[in-house]
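Me: Could you take a close look at one part of this protein for me? I would like to hear about the charged side chains that pair up, and then about what lies around them.

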Amino acid sequence: MSASGARTAAPSPAIRVRPRRELRRERRNRAHSCWDHLIAAPLWPLHGANLGTLLRTCDAVGACLAVPRLPWVPEALRRGNTLRRPACVHWTGDPVRWLERHRAEGARVVGVELAEDAVRLADLPTARTRTVMVLGHEQQGIPADALDLLDAAVEIPMVGTGHSLNVAVAGSLVLYKLAGLL
């Protein structure tokens with residue numbers, strides 16, 4: 001209020017929304033080819049909607065998505081892909097064999113799992129070498145035979161009453177951290 005008791009206008013905010021044309025100039029003008037550096041691997045998917053969400057996150061951080069060729073997965077990806085350009089998708093066979101092969105080829109395998117000695121998300125280092133981020137089944141997590149193939153586990157701290165986050169949300173958080181964007 002002013003000295004006379006009249007309200008004065010609040011100053012306008014310094015925050016401005018960036019127009020789409022400005023964002024387009026700063027971002028890639030075409031889909032990235034396979035950089036084979038960061039791969040999100042929801043190898044035991046339960047809900048198709050999560051695959052579409054992860055595909056968008058992969059595009060945002062420059063990662064690829066690796067999924068098993070289950071009968072419903074190709075359609076779930078088509079339906080969930082709201083990107084205007086093709087995305088980088090790797091098709092796996094047996095998930096455990098696929099992980100064994102990538103680990104043998106030198107990839108670091110990081111699982112998103114509530115496990116002993118898991119690294120807190122805030123302490124997870126950026127992926128400096130080829131990294132596969134593994135996501136388990138929505139209800140059972142990463143199967144025991146695949147846990148032995150992990151180089152590290154990452155845990156997302158929670159203070160609420162739930163046991164875990166949705167696979168797409170958890171995967172997106174970890175992808176951003178591994179990509180060095182958080």
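Reply: Happy to. One definition comes before the rest: helices (H or I, at least four residues) and strands (E, at least two) are DSSP runs, numbered from the N terminus. Please also keep in mind that this is a predicted model.

With that numbering in hand, here is a residue that is easy to find. Asp117 lies in the loop between strand 4 (108-112) and strand 5 (119-120). Its backbone has a positive phi of about 65°, although Asp117 is not a glycine. Most residues other than glycine have a negative phi. Asp117 also counts as exposed, at 77% relative accessibility.

Now to the charged pairs. Side chains of opposite charge can pair when their charged atoms come close. The cut-off used here is a side-chain nitrogen of Lys or Arg within 4 Å of a carboxyl oxygen of Asp or Glu. By this rule the count comes to four salt bridges.

Let us begin in helix 3 (residues 73-80), where Glu75 and Arg78 sit three residues apart, so about one helical turn separates them. Their side chains meet in a salt bridge, with 3.3 Å from N to O. Glu75 is partly exposed at 38% relative accessibility, while Arg78 is exposed, with a relative accessible area of 58%. This pair also has company: Glu75, Arg78 and Arg79 are linked in a network of salt bridges.

The next pair is Glu105 with Arg101, whose side chains form a salt bridge at 3.6 Å, N to O. Here Glu105 is exposed, at 54% relative accessibility, and Arg101 is partly exposed, at 44%.

Asp151 and Arg103 make a further salt bridge, at 2.8 Å from N to O. Asp151 lies in the loop between helix 5 (144-147) and strand 7 (152-155), whereas Arg103 is in helix 4 (residues 95-104), so this pair ties together parts that are 48 residues apart in sequence. Both partners are partly exposed: Asp151 has a relative accessible area of 38%, and Arg103 has one of 33%.

From charges we can turn to open space. The second largest pocket has a volume of about 320 Å³. Strand 7 and helix 6 (167-178) are the elements that give two or more residues to its lining. In total, 21 residues line this pocket, and Val112, Glu113, Leu114, Ser164 and Leu165 lie nearest its centre. By class, the lining divides into ten nonpolar, eight polar and three charged residues.

Leu165 deserves a second glance. This leucine is found in the loop between strand 7 and helix 6, and at 32% relative accessibility Leu165 is partly exposed. Besides lining the second largest pocket, Leu165 joins Met158, Val169, Leu173 and Leu182 in a nonpolar surface patch of about 390 Å².

Finally, there is some enclosed space. The structure holds two cavities of 30 Å³ or more, and the largest cavity contains about 50 Å³. Its lining includes Pro42, Trp44, Pro45, Leu46 and His47, with Gly136, His137, Glu138 and Val167 also among the lining residues. Sorted by class, the lining of the largest cavity has six nonpolar, four polar and one charged residues.

Definitions and conventions. Residues are numbered from 1 along each chain as its sequence is written. This is a predicted model: local features need pLDDT of at least 70, side-chain atom pairs count only at pLDDT 80 or more; totals for chains, interfaces and linings use all residues. Side-chain values use heavy atoms; hydrogens and water are left out. Buried means under 20% relative accessible area, exposed over 50%, partly exposed in between (1.4 Å probe, protein chains only). On a 1 Å grid over the protein atoms alone, a cavity is a set of points where a 1.4 Å probe fits but cannot get out, and a pocket is an open set with protein on both sides within 12 Å along at least five of seven lines; lining residues have an atom within 4 Å of a point. Grid points are joined across faces, edges and corners, and a volume is the space filled by probe spheres set on the points. Ala, Val, Leu, Ile, Met, Phe, Trp, Tyr, Cys and Pro count as nonpolar, Asp, Glu, Lys and Arg as charged, and the others, Gly among them, as polar. Patches are made of residues with over 30% relative accessible area and no salt bridge: like charges are joined within 9 Å, nonpolar side chains (Val, Leu, Ile, Met, Phe, Trp, Tyr) within 5 Å. Accessible areas come from the Shrake-Rupley method with a 1.4 Å probe; for residues, only the protein chains shown count as cover.
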